Amino acid sequence: MGLLRLYKSVFGRIILKPLTMPFVSEFAGKILDSRISAFFIKPFIIINKIDMTDFVYEKWHSFNEFFTRKINPGARIINKSGNVLISPCDGLVSVYDIDENIVMDIKNSSYTVSSLLQNESLAKEYKGGKCIVFRLTPSHYHRYCYIDNGSKGENIHIKGVYHTVQPIAVENMPVYKMNTREYTILNTENFGRVVFMEVGALMVGRICNYHQKYIFSRGEEKGKFEFGGSTIIILLDKNAAVIDKEILNCKEEYPVKMGQKIGLKKA
C-alpha cells in the first residue's frame with residue numbers, strides 16, 4: 001500500500017497505527033544493523049542515484065554502517081564567518097515565521113512552539129522569531145553539525161511515534177509533534193539561544209547525539225540519524241538572523257548542504 005493510501009484512507013490510517021509504534025522502528029533498526037542487511041547497500045545507491053564520490057569508501061558490514069557513512073574531507077565546506085548562519089545538514093529547507101503561538105501551519109496540520117517543545121515558558125522566548133525546518137530524505141547525508149561556536153545544555157528527549165516525514169504525511173497529520181524527538185539549547189556566539197531539535201521518522205529508531213553538556217565549535221559534528229527520512233528543526237529568536245531571500249522566496253523546499261550559508265546575523 002502506497003503512502004497516499006496510508007494517509008488518505010480510513011483503512012490506511014488503521015494500518016498506520018501499529019506501523020508507527022516505536023518497537024517497529026526499533027526492530028527494523030536491529031535488522032539494518034545485521035550483516036545480512038549489507039545486501040541492500042548497492043541497490044539503495046542505484047535507486048537513489050547517490051553520488052558516492054563525496055564519501056569515504058569503507059567495507060560496510062551493515063546497511064546502517066553505510067547509511068551513516070563518513071564524508072570526504074572538503075566535500076562539505078563550512079562557512080566560518082561569524083555573521084553567517086549556516087545549514088546544519090544536507091536537506092530540503094522551509095522557513096516559517098513564529099506568529100504569536102503558531103510556528104508552522106502546513107495544510108491540515110498546525111503547530112505551536114509549545115507543542116513542539118512541550119515547554120510553554122521556553123516557547124515564549126521565540127515569539128516573532130523564525131522556525132527553520134530541514135527535511136532529510138533517505139538519499140541525503142545523515143550527519144549534522146553545530147551552526148556556530150558556543151555551549152549546550154542537556155539533551156531533552158520527547159517520546160513519540162515514528163511517522164514518515166514525506167510531504168504526504170506532514171500535510172495530513174501533525175507529524176512533528178507526534179514523532180519521537182530530541183532537542184537542546186545552543187548558547188551561540190552570534191545567534192543567541194537557539195533551539196536545535198532532531199525529529200525521528202519511520203524506520204529511524206535512533207537519533208544519535210554525541211554530547212550532553214558541551215562546548216562546541218562551528219561545523220563540528222553534532223550527531224547522526226540512522227536509517228530513514230528525518231528532520232532537523234531550528235528555532236531562532238526575532239533578533240537572531242535574516243534568512244536569505246532565495247530561500248524565503250522559493251515556493252517549494254529549498255535544497256541546501258551542510259555548512260552552506262542560509263542567512264546573516266541581524267544587524
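Two strands pair if DSSP finds at least two bridges between them. With that in mind, here are some close-up views of this predicted model.

**View 1. Strands E6 and E13 run side by side in the antiparallel sense.**
How many bridges join E6 and strand E13? There are three, and strand E13 covers residues 221-225. Look for Arg143, which stands opposite Lys224 in E13.

**View 2. Three strands come together as an open sheet.**
Follow the order E6-E13-E11 across this antiparallel sheet. Which strands sit at the edges? They are strand E6 (143-145) and strand E11 (207-209), each of which pairs on one side only. From one strand to the next, the twist averages 20°.

**View 3. Ser87 sits in a loop between two strands.**
Strand E1 (84-86) comes before this loop and strand E2 (91-97) comes after it. Is Ser87 buried or exposed? Its relative accessible area is 0%, and buried means under 20%, so Ser87 is buried. The side chain of Ser87 reaches the backbone oxygen of Cys89, at 2.6 Å. Setting aside neighbours within four places in sequence, you can also find Ser87 in contact with a set of residues that includes Phe134, Cys145 and Val256. Lys257, Met258, Gly259, Gln260 and Ile262 are among the contacts of Ser87 too.

**View 4. Arg76 lies in the loop between helix H5 and E1.**
Helix H5 spans residues 63-67. Arg76 has a relative accessibility of 12%, which is under the 20% cut-off, so this residue counts as buried. What does the side chain of Arg76 make a polar contact with? Its partner is the side chain of Asp54, at 3.2 Å. Not counting residues up to four places away in sequence, Arg76 touches Asp54, Ile71, Asp90, Lys257 and Met258. If you have just visited Ser87, you may recognise Lys257 and Met258, which are listed among the contacts of that residue as well.

**View 5. The predictor's confidence varies along the chain.**
The mean pLDDT of the chain is 81, and 75% of its residues reach 70 or more. Over residues 1-21, however, the pLDDT is below 50. In the model this stretch has 35 contacts beyond near neighbours in sequence. Residues 167-173 also have a pLDDT below 50, and here the model shows 30 contacts beyond near neighbours in sequence.

Methods: Residues numbered from 1 in each chain as written. Predicted model: local features only at pLDDT ≥ 70, side-chain atom pairs only at ≥ 80, totals over all residues. Heavy atoms only, no water. Helix = DSSP H or I, 4+ residues; strand = E, 2+ residues; numbered from the N terminus. Buried < 20%, exposed > 50% of the residue type's maximum accessible area, 1.4 Å probe, protein only. Polar contact = N/O pair within 3.5 Å; in protein donor to acceptor, adjacent residues only side chain to side chain. Contact = heavy atoms within 4.5 Å. pLDDT = per-residue confidence, 0-100. Axes fitted to C-alpha atoms, helices over the stretch in contact; angles between N-to-C directions.
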